[in-house]
Amino acid sequence: MDKIQSLTGMLDQYDDGDMSNVSSKLFEVEKIIKNIFTSYKFQEIRTPVLEDANLYKRSVGDSSDIVNKEIYSFNDRNDKTIAMRPEGTASVIRSIIEKKLDQTNHKLWYLGPMWRYERPQKGRYRQFNQAGIEVLGIPEGLPEYEMISVVCSVIYEFKLKNCCIKINHLGTRENKQSFCKTLVNFLEPFKKDLDEKDLERLSKNPLRVLDSKNSKTQAILQNAPSIKEFIDQSSINLLESIKNEFSDLCKIEIDHNLVRGLDYYSGFVFEAISSELGAQDSFLGGGRYDQLSSQLGGKNMPAIGMAIGLERLANIAKVELVDRKLVTFVIAASNLEPKAYKIAHHLRSINRDITLDINLAEGSLKSKMRKANKNNSHYVIIIGDEELKSKTAVIKSLKDELGEQQTVSIEDLYSFYESL
Ligand code: HAM
């Protein structure tokens with residue numbers, strides 16, 4: 001029979017405890033990220049992975065690649081168009097408005113899978129994981145510093161080298177509009193030199209032309225007007241102040257061509273890139289989106305946030321496994337021994353900081369001991385027919401060179417395990 005394969009661009013993530021395997025690292029990375037977010041007093045929010053497809057048209061935007069080409073959507077049994085979330089921000093705002101929490105401030109985090117029908121390549125998948133934060137209800141000012149502080153913490157905690165935070169300011173909605181108009185006028189005479197993709201961007205969202213990877217377009221843009229001439233001095237001051245405050249912690253660059261691919265941004269935007277990642281070099285991105293709440297029918301609620309691409313971060317992160325002690329429990333009795341299993345159950349309940357591994361497969365004592373050694377166990381607890389009869393157990397240390405071994409009562413075994 002034909003085997004069923006996984007879908008293109010969708011990875012199986014499997015933890016084998018080996019930190020050179022990106023999947024194993026991903027699980028560790030998630031724990032550390034949650035810890036960073038919690039240290040800033042962000043609180044978790046979980047929203048459904050399925051949403052009304054209109055949510056993304058009205059937030060991420062009709063002109064974005066995400067909504068145009070990349071949404072996974074289907075009609076449900078009621079003929080309603082449902083989308084698998086391509087990002088987390090729109091759902092968070094939808095949820096806060098729905099709960100009528102849009103008058104108060106919030107600091108929220110989320111983590112989970114997102115879907116985008118992109119052309120898969122290294123670092124770009126159709127299902128990928130993001131960890132994001134959103135600061136809601138507070139206008140431009142301090143939250144911008146909080147965002148960059150979190151980015152610096154991520155760079156520090158994962159010991160990232162060769163990376164840079166790019167920052168820009170898109171101004172107010174009016175600033176953005178008048179810059180777009182000037183950019184369109186500037187590009188008009190060069191239309192014949194633009195490729196199909198850039199022409200489409202020019203008609204739908206001219207700012208995105210600045211993101212073009214086409215070298216011909218980039219050459220034309222050398223002489224293009226800069227957003228710097230359209231934004232207020234206070235916006236430029238903010239960029240410079242952030243750069244001054246954090247440059248001793250991370251490399252920060254002001255890049256006036258940084259526009260971001262989602263329509264909801266205005267004001268401060270940023271991305272962190274690493275030269276170790278290849279073509280898909282951005283491992284996180286975000287910015288301010290003060291209009292999104294009112295666009296989605298909520299109150300006027302200023303907001304800023306960011307999301308980290310966890311597969312990309314795991315790829316470059318230096319992660320050490322937290323050293324949990326491993327004990328192997330070997331049942332060496334001639335028959336299936338539920339009593340021994342019950343002892344193991346009790347051991348686990350008295351000390352959850354230890355991993356107690358029972359080899360469930362049949363095999364000789366020798367092969368089980370070999371496996372315990374291979375897995376780097378600190379101790380082996382052996383219970384055979386003799387021990388079951390005399391209500392004792394053997395404890396053998398695999399870490400001290402003499403391989404010291406002692407027979408103890410079950411009560412002493414419990415005390416020993418508790419003290420590990
Ligand atoms: P984004 O820039 O579209 O922003 O995605 C954030 C990060 O997700 C990217 O920097 C990248 O690391 C990762 N990512 C995106 N697409 C893929 C993919 N196909 N495969 C692997 N990783 C990917 C947002 O999603 C915004 N919601 C961020 C935000 C939050 N802005 C404000 N609040």
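This briefing walks through a sheet, some salt bridges and a surface patch in the structure above. Please keep in mind that the model is predicted. Among its features are an open sheet of five strands, a total of 19 salt bridges and a nonpolar surface patch made by V49, L50 and F74.

**The five-stranded sheet**

- Follow the strands across the open sheet and you meet them in the order 13-12-14-15-16, with mixed pairing.
- At the edges sit strand 13 (355-358) and strand 16 (405-409), each of which pairs on one side only.
- On average, neighbouring strands of this sheet are turned by 25 degrees against each other, direction ignored.
- Strand 14 (residues 379-384) and strand 15 (residues 392-397) run antiparallel and are joined by four bridges.
- To find one of these contacts by residue, look at Y379, whose bridge partner in strand 15 is S397.
- Helix 15 (residues 410-418) packs on the sheet and touches strand 12 (326-332), strand 13, strand 14, strand 15 and strand 16.
- The direction of helix 15 makes about 115 degrees with that of strand 16.

**A salt bridge between distant parts of the chain**

- The structure holds 19 salt bridges, and one of them brings together the side chains of R208 and D65 at 3.7 Å, N to O.
- This pair links distant parts of the chain, as R208 and D65 are 143 residues apart.
- R208 lies in the loop between helix 7 (196-204) and helix 8 (215-221), while D65 belongs to helix 3 (residues 65-70).
- R208 counts as buried because its relative accessible area is 11%, under the 20% limit.
- D65 is buried too, with a relative accessible area of 18%.
- D65 and R208 also belong to a network with K69 and D211, joined by salt bridges that share partners.

**Two further salt bridges**

- The side chains of R94 and E98 meet at 3.0 Å, N to O, in a salt bridge.
- Both residues lie in helix 4 (residues 89-98), four residues apart, which is about one turn of the helix.
- R94 is partly exposed at 21% relative accessibility, whereas E98 is exposed at 56%.
- Another salt bridge joins the side chains of E253 and K251 at 3.8 Å, N to O.
- Here E253 is partly exposed, with a relative accessible area of 32%, and K251 is exposed, with 52%.

**The nonpolar surface patch**

- V49, L50 and F74 make a nonpolar surface patch of about 220 Å².
- F74 is found in strand 3 (residues 72-75).
- With a relative accessible area of 38%, F74 is partly exposed, so it passes the 30% that a patch residue has to exceed.

How values were computed: Residues numbered from 1 in each chain as written. Predicted model: local features only at pLDDT ≥ 70, side-chain atom pairs only at ≥ 80, totals over all residues. Heavy atoms only, no water. Patch = residues over 30% accessible without salt bridge, like charges linked within 9 Å, V, L, I, M, F, W, Y side chains within 5 Å. Areas by Shrake-Rupley, 256 points an atom, 1.4 Å probe, with all protein chains shown as cover. Salt bridge = Lys/Arg side-chain N within 4 Å of Asp/Glu carboxyl O. Helix = DSSP H or I, 4+ residues; strand = E, 2+ residues; numbered from the N terminus. Buried < 20%, exposed > 50% of the residue type's maximum accessible area, 1.4 Å probe, protein only. Pairing = 2+ DSSP bridges. Axes fitted to C-alpha atoms, helices over the stretch in contact; angles between N-to-C directions. Contact = heavy atoms within 4.5 Å.
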